[in-house]
Amino acid sequence: HSMVDRLGPTPFVDGISAEWHDDDTVSYSPGAGRFEWGERNYAGQVGLAVATRYALAVGLDAIAGRVGVLASQLRADLEAIDGVEVLDEGHHRSGIVTFRVDGTDCASVAAALAGRRINVGAPARRNAQWDLGRRGLDAVVRVGVHYFNTGAELDRLTMAVGEISAAGRSRS
């Protein structure tokens, strides 16, 4: 038996992953077919194709360069705010910028930013145990910078984080 066949039944049954013979009898498709859904996300597939063509037209090197500049600027701007710690590590940093604000839990920072129509995430240790657990962090605020972001958008984010940090320090 192949490894796929040894994995056994899947948690879903449809016309691709298995064949129903009667109410109580199912035979799973051989090989990896047992893990396929009969329903496809056609809108997602079209969106991926359009986004891929667009990215190739802009140029992957141009996108990487722009993301690098924006992320570096955001890190520097956040590091300049009292009470904000940028948490990114590594030699080759991506467009994902992580930080925390002293005195304010990361979920509250994300909620305050969402209230200002600024979208960020606040993954907790359970979402990134190997990274956050190793560093003793309970959570981080996560910003995904992309090539279409503007300097004005990053300034608005930085200003909002500064206000959140100042409010947190005044409560302490």
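Student: What makes strand β4 (residues 96–101) and β5 count as a pair?

Tutor: They share 4 bridges in the antiparallel sense, and pairing requires at least two bridges found by DSSP, so β4 and β5 qualify. One bridge joins Thr98 to Arg142 in β5. This is a predicted model, where local features need pLDDT of at least 70, side-chain atom pairs count only at pLDDT 80 or more, and totals for chains, interfaces and linings use all residues. Residues are numbered from 1 along each chain as its sequence is written, and side-chain values use heavy atoms, leaving out hydrogens and water.

Student: Why are β3 (84–86) and β5 (141–144) called edge strands?

Tutor: Each of them pairs on one side only. The open sheet has 3 strands, ordered β3-β4-β5, with antiparallel pairing. Its twist averages 30° from one strand to the next.

Student: Which helices lie across β3, β4 and β5?

Tutor: Helix α3 (residues 60–79) does, at about 10° to β4, and α6 does too, at about 20° to β4.

Student: Why is α4 called oblique to α6?

Tutor: The axes of α4 (residues 106–114) and α6 (residues 151–171) come within 10 Å and cross at roughly 125°. That makes α4 oblique to α6, because oblique is what remains after roughly parallel (under 35 degrees), roughly antiparallel (over 145) and roughly perpendicular (65 to 115).

Student: What meets what between α4 and α6?

Tutor: From α4, Val109, Ala112 and Leu113 meet Leu157, Ala160, Val161 and Ile164 of α6 (contact: heavy atoms within 4.5 Å). By class, this contact has 7 nonpolar, no polar and no charged residues.

Technical notes
Axes are lines fitted to C-alpha atoms, for helices over the stretch in contact, and angles run from 0 to 180 degrees between N-to-C directions. Helices (H or I, at least four residues) and strands (E, at least two) are DSSP runs, numbered from the N terminus. Ala, Val, Leu, Ile, Met, Phe, Trp, Tyr, Cys and Pro count as nonpolar, Asp, Glu, Lys and Arg as charged, and the others, Gly among them, as polar.
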